[in-house]
Amino acid sequence: MEELRKLLELQVNSELQQIVISNQKIKGGVKKIHIRPILLQNQLWFQFASYTEKQVFHENLLKEDAIKKIVMLMECYKQLQLESVSVGATVLVSKKNTVTIKQKKKKDGGTMTNLSHNRKKRYVIEPEEKAPFLVDLGVITSQGQIVASKTDKFKQINRFLEFVRDVEDRLPKEREAVIIDFGCGKSYLTFAMYYYLHEKKGYDVRMIGLDLKEDVIAHCNKLRDSYGYDKLNFLVGDIADYKDVDHVDMVVTLHACDTATDYALYKAVSWGARIILSVPCCQHELNQQMKKGKKDNALSGLFSYGIIQERSAALFTDAMRAEILKEQGYQVQLLEFIDMEHTPKNILIRAVKGKAQIAVGERAKAGYREAMEYLGVSPILAKLFDEVR
């Protein structure tokens with residue numbers, strides 16, 4: 001590894017752009033490591049970002065320790081790619097730890113890396129765009145500055161759009177995509193989705209915002225008209241009873257209270273929606289059932305604390321919803337999402353329609369059915385699907 005060490009001594013400095021270590025010798029654990037220089041309190045450090053299947057871990061090291069760690073890591077990985085302002089290098093390590101290094105000088109040099117630890121955050125919708133709905137809703141000023149009291153709101157809108165961006169390629173491109181936002185409220189996110197998908201990305205979308213408050217819907221339609229968003233419509237209606245479309249490609253439901261979320265999920269599956277984004281709220285149903293049917297099991301002592309049972313029931317509710325959606329042929333993720341009322345972090349259920357896999361569906365069904373029996377509960381979403389079997 002001496003040749004590798006010499007390379008690192010020369011290139012691990014402020015001109016380094018990045019190092020990527022990949023291709024594990026033994027699969028599992030950390031899949032890939034990204035290394036970049038950063039400035040902390042006017043001192044040069046090197047940040048290691050280690051990626052597992054679901055998480056990323058960060059560590060900052062000074063040059064000497066960074067080089068030692070890289071050399072040590074290459075005992076377990078087969079490839080290292082280094083890019084600096086002046087040099088590109090590929091390092092390959094064989095099973096017998098034989099090191100091969102290929103270097104190539106960059107003729108014209110490259111761009112110096114921004115070493116600031118707090119680099120400017122890039123948003124899906126930048127404040128400088130002066131998106132009209134963000135101005136009218138008081139999130140940014142007409143000069144493109146974020147209103148201080150609305151900073152959290154601005155970040156939350158963009159966080160949600162990141163979830164949308166991850167799955168937008170599942171929307172149909174050969175025809176109009178139909179999107180419904182149940183319980184849209186003041187419609188910050190409805191406008192944001194339309195602006196992002198239609199105005200910025202050019203998707204042919206028809207979007208419907210649905211809410212029970214007539215004055216809110218009237219205000220949203222007035223804003224819609226002023227922007228000329230002719231394929232965005234806001235209607236007064238209830239989640240459970242809405243029947244004005246025969247198919248929907250994407251269903252969004254944010255903070256629908258208690259079982260209203262279940263009716264929205266059931267509707268989404270019934271329509272064959274390709275994408276479901278749901279942030280549930282007020283999951284009371286299972287907690288009430290657990291109180292009525294107290295069961296003598298291993299969790300009884302833990303559930304003698306009301307707050308523990310309440311929070312556990314909320315988590316169980318969303319976990320069962322996810323498993324039921326898996327049974328229906330969806331690939332499901334439960335992701336953290338800060339809700340729009342600045343309450344503690346909530347869970348976002350993101351489900352994408354995939355190819356039906358009978359074995360996966362059967363395992364999901366068996367799992368949540370066993371959990372239902374153990375806890376003595378019968379969630380409404382399971383009942384809804386049972387009624388159509």
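## Two strands, side by side

Two strands count as paired if DSSP finds at least two bridges between them. With that in hand, we can start with strands E1 and E5 of this predicted model. Strand E1 (residues 16–24) and strand E5 (residues 77–84) are joined by 7 bridges and run antiparallel. Within this pair, Val20 faces Gln81 of E5.

## The antiparallel sheet

E1 and E5 belong to an open sheet of 7 strands, ordered E4-E3-E2-E1-E5-E6-E7, with antiparallel pairing. At its edges are strand E4 (56–61) and strand E7 (99–105), each of which pairs on one side only. From one strand to the next, the twist averages 15 degrees.

A helix accompanies this sheet. Helix H2 (residues 63–73) lies across E1, strand E2 (32–40), strand E3 (43–51), E4 and E5, and it runs at about 25 degrees to E3.

## The mixed sheet

Further along the chain we meet another open sheet of 7 strands, this time with mixed pairing and the order E10-E9-E8-E11-E12-E14-E13. Strand E10 (232–236) and strand E13 (330–337) each have a single partner strand, so one side of each is left without a neighbour in the sheet. Neighbouring strands here are turned by 15 degrees against each other on average, ignoring direction.

For a look at one pair inside this sheet, take strand E8 (residues 177–182) and strand E9 (residues 205–211): they run parallel and are joined by 6 bridges. Val178 has Arg206 of E9 opposite. Helix H5 (residues 188–200) lies across E8, E9, E10 and strand E11 (250–257), and its direction makes about 180 degrees with E9. Helix H9 (residues 306–327) also packs on the sheet, where it touches strand E12 (275–281), E13 and strand E14 (346–353), at about 155 degrees to the direction of E13.

## Nonpolar cores

In soluble globular proteins, nonpolar side chains tend to be buried together. The largest nonpolar core in this model has 50 residues, and the members that touch the most others are Phe133, Leu134, Phe160, Phe191 and Met250. H5 gives the largest share of this core, with 9 residues. Apart from this core lies another, of 40 residues, including Val251, Ile324, Val332 and Val377.

Two of the phenylalanines deserve a visit. Leaving out residues up to four places away in sequence, Phe191 touches partners including Phe133, Leu137, Cys220, Leu223, Tyr227 and Phe234, and also Lys186 and Arg224. Phe160 sits in helix H4 (residues 151–167). Its relative accessibility is 0%, so Phe160 counts as buried, the cut-off being under 20%. With the sequence neighbours up to four places away again left out, Phe160 touches Leu189, Met193, Val252, Leu254, Leu277, Phe337 and Leu348. Of these contacts, Phe337 is 177 residues from Phe160 in sequence, yet their C-alpha atoms are 7.8 Å apart in space.

## The largest pocket

Which residues are the closest to the centre of the largest pocket? They are Gly183, Cys184, Gly185, Lys186 and Asp211, among the 26 residues of the lining. The volume of this pocket is about 680 Å³.

Elements of the mixed sheet and a helix that lies across it help to line the pocket. E8, H5, E9 and E11 each contribute at least two residues, and the largest share, 4 residues, is that of E11. Lys186 also links back to the nonpolar core, as one of the residues that Phe191 touches.

Definitions and conventions: Residues are numbered from 1 along each chain as its sequence is written. This is a predicted model: local features need pLDDT of at least 70, side-chain atom pairs count only at pLDDT 80 or more; totals for chains, interfaces and linings use all residues. Side-chain values use heavy atoms; hydrogens and water are left out. Axes are lines fitted to C-alpha atoms, for helices over the stretch in contact, and angles run from 0 to 180 degrees between N-to-C directions. Contact means heavy atoms within 4.5 Å. A nonpolar core is a set of buried Ala, Val, Leu, Ile, Met, Phe, Trp, Tyr and Cys residues joined through side-chain atoms within 4.5 Å. Buried means under 20% relative accessible area, exposed over 50%, partly exposed in between (1.4 Å probe, protein chains only). On a 1 Å grid over the protein atoms alone, a cavity is a set of points where a 1.4 Å probe fits but cannot get out, and a pocket is an open set with protein on both sides within 12 Å along at least five of seven lines; lining residues have an atom within 4 Å of a point. Grid points are joined across faces, edges and corners, and a volume is the space filled by probe spheres set on the points.
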